[in-house]
2 protein chains.
Amino acid sequence: MVFLNKLRAIQRTKNTLLCIGLDTDSAKLPEFLKTYANPQFEFNKRIIAATKDLVCAFKINSAFYEAEGERGWSAMRQTVSELPASVISIADAKRGDIGNSSEQYARIFLEEFKFDSITVNPYMGKDSVEPFLRSPEQCAFILALTSNPGSKDFQRLKVGKKFLYEKIVETAMKWSVKKNIGFVAGATKPKELRSIRKLAPTAPLLIPGIGTQGGSVKEAVQYGCDKNGEMAIINVSRSILYASGGDDFAESARNEAIKIRDEINFWREKFFKR
Amino acid sequence: MVFLNKLRAIQRTKNTLLCIGLDTDSAKLPEFLKTYANPQFEFNKRIIAATKDLVCAFKINSAFYEAEGERGWSAMRQTVSELPASVISIADAKRGDIGNSSEQYARIFLEEFKFDSITVNPYMGKDSVEPFLRSPEQCAFILALTSNPGSKDFQRLKVGKKFLYEKIVETAMKWSVKKNIGFVAGATKPKELRSIRKLAPTAPLLIPGIGTQGGSVKEAVQYGCDKNGEMAIINVSRSILYASGGDDFAESARNEAIKIRDEINFWREKFFKR
C-alpha cells in the first residue's frame, strides 16, 4: 500500500495520531534488563508490546543505537522486526549526503531494515534526498522546522519574503512526485507549524517537541493536522519511555501513552468536528 | 595537541594536503578479498599501508559502512584503529540532531572510535553542533558548500546580501571558541571556495569534489589554502580507491595518490612561493 494510504488507514482504524519515539538510552534502563544480551532491545520489546495498540507509529532515533556500536545496530535491527504491521516505522536518522552516499543510507534503512520511512536533512539538496524516494510505499520526512533552540539559527533566516524552512517545504513538495515526502515540523513553534501545513496541505507531518521539550498538544493538533484532523504524527519520547524508571516502566509508559493519545483526540474532536 | 596544530604539523612534515576518502563500496572489492571475515576492512588495511606516507588525512565515509550493518560498523571501528598517528582521521558522517541526540553521535564517533574529526550538518543550529566541539583536539567540519548538484537548491539561496552558505560560515565561526571548527567546501565551486576561505582565513577546509566529481586541483589549491598554502585538506575517493579494479589495487592507488599529491604540491609552489 502506498505510504499515505497506509498511514491514513492506521490512524483511522486505531483512532490515534500518537507516535512513540524509541530514544532508548542505555544509561536509563532499569537494572533488571542489564542481564540480557541486548538490554536496549529488551526494553523496546516491552514498550512495543505495552503500547502498540495506542500508536500509529514508532520512531527509532538512530543516535541512541549507534552510540552502542555493533550491539546498538543489532538492537535497531531487532526492534524494527518486532514492530507489527499495524504501525508505521520511522528511522529518525536525519541522513543526507551526495547521491552516491545517500544511496548507501537508503539501502540499509529502507531496503534492508525495511523502515516505512526515514527523516532526511535537506541541506544538500535534491540529489541527496532522491535515493529515499524510490518507493511510494516509503516516505522521507524532510527536516523543515525542528523543535530545538538551534532551529532559529538558520531555519528561520529570511530568504526573500519567505523563511528558509518555508522555501524548503515549497521546493521539496515539487520533488514529491510519488507523494511520499513528509516534513518534520516542531510542536514548539505553533505559528510556523501552521504555515508548514498550509504549504503542504496533505503531506504527513512528523511533529516532535511535545513533552520534555515543551510543545503543547493542543497546538500540535490544531495546526499540524490536515483538514480531516489526520496526517499529523505526534511524537513523544522521553516522557513516555521514562514515565517510571523502575521495573514497571512498560505499564507506566502505557498509562502515559493513553493519557497523551486521549488528549490528542480531545483536541481533534474540538477542532475538527469529528 | 590541539587539532589545528596537529594538522599543520602533519601537513608540513609530510608535505602533503591530500586526503584519501575511504568510500569503500563492498560491491567494488576485488574477488580475492571476499574470502576474508571482513572484506571492507581488509581493503582499507591495504590502502592505508600503501598510501599512509602520502596523505595528511583519511576520511571514512560512514554511509558505506552502515550499509553493511553490524559488519560494516565493525569494519569502521577496525579501520580507525588501523590509522597511524601521522594522519588525521575524519568521520564523514554528516550528523546533526537536537543536542540530546547529537551527544549520542559524538559519544560513538569522537569518544569511542576516537576520530580526530567529524563532518556535521548545520541545518539544526548551534545546539546540534556543540556536542562535537567539546575537545580542542577534535574538529567538526561543518557543511558549508558541498560538491554535489543539489548544493544549488538551498546552500546558494540569498539571505539578505549573502548566500546561505556564507551566513553559515560566519555564524559557525562565532561558535568556534576552541578553534576547532572547519568547513566542507566543494572543489566544484571555485569562486565560492574563495569566499569561504575569506570568511574563515585560518580554519581547516575539507575539500571534496576533485576527480570523479570534476573539481580542479589547481583551483582547490589556489582558493582553498590559507595564506601559507596550508589548511586545505583535499579529498579524493573513488579515483584513488578504484584506480585498478584488480588484485594490484593498492599499488595502483599508491601511484594515483602520488600523482595527485604531486599535482597539489605543484600548484602550491606556484601560488604560495614556498
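# Close-up views of a predicted two-chain model

**View 1. Ser62(A) is found in helix α3 of chain A.** The model shown here and in the other views is predicted. Ser62(A) has 26 other C-beta atoms within 10 Å, and because a residue with 20 or more such neighbours counts as buried, Ser62(A) is buried. Apart from neighbours within four places in sequence, Ser62(A) is in contact with Met76(A), Ala91(A), Asp92(A) and Ala93(A). Ser252(A) lies 190 residues from Ser62(A) in sequence, and the two C-alpha atoms are 24 Å apart in space.

**View 2. Chain A and chain B are related by a turn of 180°.** With this turn and a shift of 0.0 Å along the axis, chain A can be laid on chain B with an RMSD of 0.0 Å. This relation is that of a two-fold axis. The same surface serves both copies, as 100% of the contact residues of chain A recur in chain B.

**View 3. The contact between the chains takes 46 residues from chain A and 46 residues from chain B.** On the side of chain A that touches chain B, at least two residues each come from α3 (62-66), α4 (70-82), α5 (99-112), α6 (126-129), β6 (158-159) and α7 (164-175) of chain A. The element that gives the most to this side is α5(A), with seven residues. By residue type, the side of chain A that touches chain B divides into 16 nonpolar, 17 polar and 13 charged residues.

**View 4. Eight strands of chain B form a closed barrel.** The strands run in the order β1-β2-β3-β4-β5-β8-β9-β10, with parallel pairing. From one strand to the next, the twist averages 30°. One of the pairs joins β3 (residues 88-95) of chain B to β4 (residues 117-120) of chain B by three bridges. Within this pair, Ile90(B) has Ser117(B) in β4(B) as its bridge partner. Helix α7 (residues 164-175) of chain B packs on the sheet and touches β5 (139-145) and β8 (181-185) of chain B. The direction of this helix makes about 160° with that of β5(B).

**View 5. Strand β10 (residues 232-236) of chain B is largely enclosed by the rest of the structure.** Why is β10(B) described as largely enclosed? Five of the five residues of the strand are buried. In a regular strand the side chains alternate between the two faces of the sheet. In β10(B), Ala232(B), Ile234(B) and Val236(B) point one way, while Ile233(B) and Asn235(B) point the other way. The residues of both groups are buried.

**View 6. Strand β10(B) pairs with β1 (residues 18-22) of chain B and with β9 (residues 205-207) of chain B.** Three bridges join β1(B) to β10(B), and these strands run parallel. Here Ile20(B) stands opposite Val236(B). β9(B) and β10(B) also pair in the parallel sense, over three bridges. Which residue of β10(B) is the bridge partner of Leu206(B)? The partner is Ile233(B). Together with helix α9 (residues 217-224) of chain B, β9(B) and β10(B) make a right-handed β-α-β unit.

**View 7. Helix α8 (residues 190-199) of chain B has several buried residues.** They are Glu192(B), Leu193(B), Ser195(B), Ile196(B) and Arg197(B). An α-helix has 3.6 residues a turn, so residues three or four places apart point the same way. The elements that cover the buried residues of α8(B) include β5, α7, β8, β9 and α9 of chain B.

**View 8. Lys114(B) and Lys179(B) each have a positive phi.** Most residues other than glycine have a negative phi. Phi is near 55° for Lys114(B) and about 50° for Lys179(B). Lys114(B) sits in the loop between α5 (99-112) and β4 of chain B, and Lys179(B) in the loop between α7 and β8 of chain B. With 14 other C-beta atoms within 10 Å, Lys114(B) is partly exposed. Lys179(B) has 16 such neighbours and is also partly exposed.

**View 9. Asn15(B) lies in the loop between α1 (3-14) and β1 of chain B.** Asn15(B) counts as partly exposed, with 14 C-beta neighbours inside 10 Å. Phe113(B) is 98 residues from Asn15(B) along the chain, and their C-alpha atoms are separated by 27 Å.

Key. Residues are numbered from 1 along each chain as its sequence is written. Chains are lettered from A and ligands numbered from 1 in the order in which they are written. This is a predicted model: local features need pLDDT of at least 70, side-chain atom pairs count only at pLDDT 80 or more; totals for chains, interfaces and linings use all residues. Copies are superposed by least squares on the C-alpha atoms of residues with pLDDT of at least 70 in both. Two residues are in contact if their C-beta atoms, placed from the backbone, lie within 7 Å. Helices (H or I, at least four residues) and strands (E, at least two) are DSSP runs, numbered from the N terminus. Ala, Val, Leu, Ile, Met, Phe, Trp, Tyr, Cys and Pro count as nonpolar, Asp, Glu, Lys and Arg as charged, and the others, Gly among them, as polar. Two strands pair if DSSP finds at least two bridges between them. Axes are lines fitted to C-alpha atoms, for helices over the stretch in contact, and angles run from 0 to 180 degrees between N-to-C directions. A residue is buried if 20 or more other C-beta atoms lie within 10 Å of its own, exposed if 12 or fewer, and partly exposed in between; C-beta atoms are placed from the backbone. A crossover is right-handed if, with the strands pointing away from the viewer, the path from the first strand over the helix to the second runs clockwise.
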